[in-house]
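Hello,

Here is the structure I promised to pass on to you. Please open it beside this email, and I will then take you through what turned up in it.

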Amino acid sequence: MSQETYITRRPKSEVLSKYIAYYYFNKSDLEGYVKTFMFYPHYRNALTIYNNSEISFTDKGSTVLPKADKDFEIIYTGIHLQSRTGKILAPFDKIGVVFQALGINHFIDEPLSKIMPKSPKSDFNYFGNTFHEHLDNVYNTSDLDEKVTLLDAFFESQCHPFEEQRLLHAVTFMFKEEMSIFKISEALKISRKTLLRLFQKHLNCSPKDFSNLVKFRKAIEIYQESKPSLTDLAYLNDYYDQSDFIKHFKKVTGFNPKKFFCNLSHLGTEDTFWTLLKTK
C-alpha cells in the first residue's frame, strides 16, 4: 500500500498557465503515517489548501495534524529566503496552487504587501465564500481532470490584468540574463529606490533577493537535467566563483551543494524538490 500520492497538473487554460505554474494534489489515508521534510526558497508563491486538518507554525517550520471537524485551512506561502521544515500527520488531503513569479498579482485587487504582509499566512480568506464553495466541489470529486477544470473555472473568474509593467519587465530581465540591479533600473529608466519599492510592494522582497532565488532555482534545474560538476554548475549560473556558489547554497539551504543535491527528492513532474527527513 502506498503511503501517499503526490500528483501535479498544469492548468488546462492557456490564459491561466501564464499565471499559475501548476496545481498539486497530495493525499494519504494511512493512519499513523508521518512525513517530515525540508522545503526550499522559491521565486514562486503558493496557496495550500488542507481539508480536515489544522496547521501550526513556528519561526522555522510547520506541523499539520488531522482534525476531522475542521473545514478548509488555506495557507499562503510567499517568497521566503531560508529553508523551512514541515511535518504532516496522516490522514491528510492537500491541494496546492503554485503561482508563477508574479502570478498571484493577477488575481488580487490590492498590492500583495497590503493583503499578505507576512508569510506564511494561515487562515487566508481573501477569496471568501465563493472559493470555499468551489473547493467543496473540488474535494467532492475523485477525478483529477475534473478537479483541474473546477480550479481553472474559479481562477478564470478572478483573473484580471496586473498593470505594473515596470515590475513585469524587471522580472523578465532577471529570467533572461544576468543583469545587475543598477543595469535593470537603467534599462527601465527608474531609480533603484523605485525598483526596490515595486518589489517590496508586489512581491514582499528586494530585487536582489528575487534575483538570488532565480539563480538558486536555475542551478537546481540545470543540475537535474544534466548533472554537471559543481564547478561547471557555478559557472553556468554566473556565480563569482565556486566559493561564492557554496556560500550561497549554505545560506539558503543549510547544506553545501554536494550534500544538498544528494539528499534532494523530486515530487511530481514539476519543480517541487524537498529533502525528506527521518521521523524521530
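**Pockets, cavities and a few side chains**

Let me begin with the second largest pocket, which holds about 210 Å³ of space. Strand S1 (5-9), S2, strand S9 (92-99) and helix H4 (144-158) each give two or more residues to its lining. S2 makes the largest contribution there, with 3 residues. If you would like to find the spot on screen, the residues that line this pocket are Thr5, Ile7, Phe25, Asn26, Lys27, Asp93, Lys94, Tyr139, Thr141, Ser142, Leu144 and Lys147. By class they come to 4 nonpolar, 4 polar and 4 charged.

Before going further, a word on confidence. What you have is a predicted model. The protein chain has a mean pLDDT of 92, and 99% of its residues reach 70 or more. Confidence is highest in H4, at 98, and lowest in strand S11 (residues 272-277), where the mean is 84.

Now to the largest pocket, with a space of about 540 Å³. Its lining has 28 residues, and those closest to the centre are Tyr43, Phe175, Arg217, Lys218 and Glu221. Strand S2 (20-28), helix H5 (165-176) and helix H8 (207-226) each provide at least two residues of this lining. Which of the elements gives the largest share? That is H8, with 7 residues. Sorted by class, the lining of the largest pocket has 12 charged, 10 nonpolar and 6 polar residues.

There are enclosed spaces to look at too: the structure holds 2 cavities of 30 Å³ or more. The largest cavity has a volume of about 530 Å³. It is lined by 33 residues, and Tyr24, Phe39, Ala46, Thr77 and Trp274 are the closest to its centre. Strand S8 (residues 84-89) supplies the largest share of that lining, 4 residues. The classes here are 18 nonpolar, 9 polar and 6 charged.

The second largest cavity has a volume of about 40 Å³. Around it you will find Phe173, Met174, Glu177, Glu178, Met179, Ile184 and Ser211. Of these lining residues, 4 are nonpolar, 1 is polar and 2 are charged.

Next, a residue that is worth a click. Where does glutamate 4 sit? Its place is in the segment before S1. The side chain of glutamate 4 makes a polar contact of 2.7 Å with the side chain of asparagine 26, and another of 2.6 Å with that of tyrosine 33. Asparagine 26 may look familiar, as Asn26 is one of the residues that line the second largest pocket.

Last come the cysteines. How many disulfides are there? The count is 0. Is cysteine 205 buried or exposed? Cysteine 205 is buried, because its relative accessible area of 6% falls under the 20% cut-off. Cysteine 262 counts as exposed, because its relative accessible area is 61%, and the cut-off for exposed is over 50%.

If you want a place to start, try the largest pocket and look for Tyr43, Phe175, Arg217, Lys218 and Glu221, the residues closest to its centre. From there you could move to the largest cavity and look for Trp274, one of the residues closest to the centre of that space.

Happy exploring, and do write back with any questions.

Best wishes

How values were computed
Residues are numbered from 1 along each chain as its sequence is written. This is a predicted model: local features need pLDDT of at least 70, side-chain atom pairs count only at pLDDT 80 or more; totals for chains, interfaces and linings use all residues. Side-chain values use heavy atoms; hydrogens and water are left out. On a 1 Å grid over the protein atoms alone, a cavity is a set of points where a 1.4 Å probe fits but cannot get out, and a pocket is an open set with protein on both sides within 12 Å along at least five of seven lines; lining residues have an atom within 4 Å of a point. Grid points are joined across faces, edges and corners, and a volume is the space filled by probe spheres set on the points. Ala, Val, Leu, Ile, Met, Phe, Trp, Tyr, Cys and Pro count as nonpolar, Asp, Glu, Lys and Arg as charged, and the others, Gly among them, as polar. A disulfide is a pair of cysteine sulfur atoms within 2.5 Å. Buried means under 20% relative accessible area, exposed over 50%, partly exposed in between (1.4 Å probe, protein chains only). pLDDT is the predictor's confidence in each residue, from 0 to 100. A polar contact is a pair of N or O atoms within 3.5 Å; within protein, one must be able to donate a hydrogen and the other to accept it, and residues adjacent in sequence count only if both atoms are side-chain atoms.
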